[in-house]
Amino acid sequence: MGINFAANKVLASIPYLLGGVWITLQITVLALALSTVLGILLSLLRVYGKGIFHRFSLIYSRLMRSLPLLVILFMLYFLGSEIIDIPAYWAIVLALAFHSAAYQSEIFRGAIQSISKGQMEAALALGMSKYQGIFSVILPQALRRAIPYWANEATIVLKDSSLAYALGVTELMRRGEYVSARTSQPMLTYIIVGLIYLILTYAFTKSMNRIEYKVRIPGLER
Amino acid sequence: MPKPILRIENLYKKFRDTEVLKGLSLTVYEGEVVVIIGPSGTGKSTLLRCINRLTEPDSGDIYLEEQKIEPGKSNFSQIRQQIGMVFQDFNLFNHLTAVQNVAIGPIKVKKMDKKKAYDLAMKELERVGMAEKAGNYPAELSGGQKQRVAIARALAMDPKIMLFDEPTSALDPELIGEVLEVMKDLANAGMTMMVVSHEMGFAREAADRIVFLEDGVVAEEGSPEKIFNNPERERTREFISKIARLNSGGDDRGLNNK
Amino acid sequence: MMEHIEYFIYIWPDLFKGLIVSLQLSVGALLLGLAIGLPMALMRTYGRGLVKTLAVMYIELIRGTPMIVQLFLIYYGLPDMGILLDRLPAAIIALGINSSAYQAEYFRGAILSIDEGQGLAAQALGMTKQQAIVNIILPQALRLVLPPWSNEVIYMVKYTSVAFLIAVPELMARGKMLISKTFKPLETLFWVGVIYVIVLSIIAKIVDMVEKKLAIPGFQMSREDY
């Protein structure tokens with residue numbers, strides 16, 4: 001009886017939780033947009049860059065993949081106390097972006113390198129510049145190949161957005177904690193929070209599958 | 001006096017420790033069809049790739065119609081445009097349809113108007129007999145069809161010379177014929193061609209000159225009659241008869257006279 | 001310069017204790033993950049009906065939700081059902097369960113990528129399906145799974161920092177505590193970062209060596225596939 005009453009309180013908080021979904025999605029989409037652009041750039045530097053450009057990309061990737069997201073997050077956040085003020089919301093967006101860009105650079109690098117050398121050779125033989133070859137021939141194919149791995153990384157970003165909790169940003173996870181504390185029903189609350197994330201990741205994966213299908217190159221089976 | 005389209009002087013190329021081209025010199029004249037034969041690993045492909053600089057030679061000079069080919073010079077892209085290349089593995093752009101493959105060169109490199117480029121592309125596709133597959137992607141085409149589109153793609157750039165790097169070696173036997181037909185038509189139309197191939201039938205019918213490459217230099221060259229029937233050197237004769245026996249359509253009739 | 005070194009020497013003992021806890025968490029979670037993950041992979045690959053469905057649900061549920069949700073469920077939620085866990089065990093269990101789902105998929109991927117002919121040849125020799133799996137498939141799968149699995153090791157060591165959120169005194173938590181004490185956030189975080197980078201580089205090297213020793217020539221999955 002007491003359980004039912006408490007359960008009702010949790011269920012009543014669902015709209016509040018869903019408000020957090022909106023913030024979560026904002027953070028995720030922003031972080032993905034930034035990290036994808038950065039990731040592609042880094043991969044190009046890594047594959048085609050010479051000297052310092054190549055090395056920068058390599059070091060960035062190794063460094064960012066050796067640091068926990070929380071460390072990066074706090075570093076960005078505390079930069080505010082010394083150099084520039086970074087609000088918590090942007091700290092999590094940037095932390096997610098910088099961190100994910102490192103993994104994405106590896107994904108895109110793998111995809112670019114999996115395109116056969118002959119493609120670039122044919123482009124050059126026609127008189128295209130290397131730049132034209134990269135953007136007109138290599139990248140259109142490489143990006144398609146990267147989609148499944150990118151989609152996987154994107155769901156990781158979505159899930160990692162929950163670490164915004166550490167900075168008190170009121171996205172889904174933090175709101176879950178409030179509800180759990182207010183209703184004293186952690187089990188039920190977190191199950192619901194978990195289900196919401198599950199729906200989000202499922203929906204995202206399904207959309208990525210559809211996109212992959214739509215941009216596929218006819219005749220090529222993966 | 002036919003004018004020289006391509007002049008190769010003293011080409012040297014070393015891979016790791018193996019010297020593949022050892023001072024090779026060769027001139028190809030306008031309208032000539034030169035077929036290059038020789039044992040594997042003697043640098044036949046390397047030779048072609050050095051011409052359009054897909055591979056950098058160690059030393060030597062190559063001239064396209066009196067213009068020295070030098071990467072880094074402002075006219076380099078222009079020179080590459082005038083040299084058409086057909087690869088053993090086709091290397092069609094997988095994400096583009098046949099007509100897009102043929103049109104992309106003119107659009108991106110010659111900055112041609114899109115409509116003009118597509119009209120030109122369709123014309124070239126018709127020339128190789130692939131017009132009805134214009135909207136298909138490479139993965140939907142057979143090997144022979146892919147190679148024909150690849151030829152159209154090179155032709156669309158209006159080259160002065162066409163280089164063929166073992167164009168039929170990656171094809172199933174029954175598909176070889178359609179590609180050779182297109183190449184023969186091209187030869188008859190007066191295109192200057194340099195072909196690396198094992199297809200003796202094609203060499204016999206279409207070649208003006210056969211060049212036998214061995215040990216990184218031109219070991220022997222001459223008309224098909226001479227090379228097939230009366231080669232000067234022993235090694236040439238050995239090679240010809242070996243190839244002829246391996247070739248389904250080949251024969252070494254002429255050599256039985258010895 | 002000297003003061004930075006002095007600061008490091010000052011905070012090192014605390015950080016070191018935190019590092020030990022992080023490593024304990026990692027080892028515990030990885031082993032737990034292996035113990036659950038491998039059976040789950042087999043259940044999903046070879047199982048049928050209820051067995052397979054359970055495995056699929058387990059794996060997809062865990063992979064579809066954030067680590068922190070699982071952690072809070074176990075540490076804050078289980079007491080609701082009468083199961084009270086200390087922080088460290090709760091963290092190991094949560095991290096372990098989380099890891100098990102991903103490890104299950106790595107194993108499944110490795111098993112699936114083994115040529116069907118291997119199993120057929122084994123059965124043609126008269127082996128039962130079980131014998132084929134244990135003697136032929138799994139030994140190859142375990143080699144194939146090394147690159148993604150070693151990725152998981154690296155991932156895990158980094159992810160133990162999440163335990164900080166339930167106040168487990170691992171490396172990240174120690175760093176945070178020191179910040180509150182010394183008011184030197186950036187410096188402290190710098191050293192925390194340095195420790196993570198060094199430890200992970202060492203682990204990466206070890207993992208590389210192990211991979212090379214166990215590798216069958218010509219038979220590898222690319223690490224970047226994951």
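This is a walk through a predicted model of three chains, one selection at a time.

Some ground rules before you click: residues are numbered from 1 along each chain as its sequence is written, and chains are lettered from A and ligands numbered from 1 in the order in which they are written. Because the model is predicted, local features need pLDDT of at least 70 and side-chain atom pairs count only at pLDDT 80 or more, while totals for chains, interfaces and linings use all residues; side-chain values use heavy atoms, with hydrogens and water left out.

**Stop 1: all the chains**

Colour by chain. Which chains share the most contacts? Of the 2 pairs of chains in contact, that is chains A and C. Contact here means heavy atoms within 4.5 Å. Chain B and chain C have no contact between them, and their closest C-alpha atoms lie 22 Å apart.

**Stop 2: chain C**

Show chain C alone. You'll find 9 helices and 0 strands. Helices (H or I, at least four residues) and strands (E, at least two) are DSSP runs, numbered from the N terminus. Turn chain C around: along its principal axes, the C-alpha trace spans about 70 × 45 × 20 Å.

**Stop 3: where A meets C**

Bring chain A back. Here 39 residues of chain A are in contact with 37 residues of chain C. The two chains bury about 3,200 Å² between them, 74% of it on carbon and sulfur atoms. Buried area is the accessible area (1.4 Å probe) that two parts lose on being put together, summed over both.

Now select A:Lys159, A:Met187 and A:Tyr190: in chain A they lose the most area to chain C, together 18% of what that side buries. How many salt bridges cross this interface? The rule finds 0, a salt bridge being a side-chain nitrogen of Lys or Arg within 4 Å of a carboxyl oxygen of Asp or Glu. There are, though, 8 residue pairs in polar contact, both at pLDDT 80 or more. A polar contact is a pair of N or O atoms within 3.5 Å; within protein, one must be able to donate a hydrogen and the other to accept it, and residues adjacent in sequence count only if both atoms are side-chain atoms.

Helices of chain A that each supply at least two residues to this side include H3 (52-66), H4 (69-82) and H5 (88-113). Highlight H9(A) next, since you'll see the largest share there, 9 residues. By class, the side of chain A that touches chain C has 24 nonpolar, 8 polar and 7 charged residues. Ala, Val, Leu, Ile, Met, Phe, Trp, Tyr, Cys and Pro count as nonpolar, Asp, Glu, Lys and Arg as charged, and the others, Gly among them, as polar.

**Stop 4: where A meets B**

Swap chain C for chain B. This time 21 residues of chain A are in contact with 24 residues of chain B, and about 1,900 Å² is buried between them, 62% of it on carbon and sulfur atoms. A:Glu121, A:Ala125 and A:Leu126 supply 29% of the area that chain A buries here, more than any other three residues.

Zoom in on A:Glu121, whose side chain meets that of B:Arg49 in a salt bridge (2.8 Å, N to O). The count between these chains is 1 salt bridge, along with 8 residue pairs in polar contact. Helices H6 (117-125) and H7 (130-160) of chain A are the elements that give two or more residues to this side; H6(A) gives the most, with 7 residues.

**Stop 5: the sheets of chain B**

Hide chain A. An open sheet of 6 strands runs in the order E6-E7-E8-E3-E9-E10, with mixed pairing. Two strands pair if DSSP finds at least two bridges between them. E6 (83-86) and E10 (217-222) stand at the edges with a single partner strand each, so one side of each is left without a neighbour in the sheet. Pick out E7 (161-165) and E8 (192-196), parallel over 5 bridges; there B:Leu163 stands opposite B:Met194.

The other stop in chain B is an open sheet of 4 strands, order E2-E1-E4-E5, with antiparallel pairing. Its edge strands are E2 (18-29) and E5 (67-68). Between E4 (59-64) and E5(B) there are 2 bridges, and B:Leu64 has B:Gln67 as its bridge partner.
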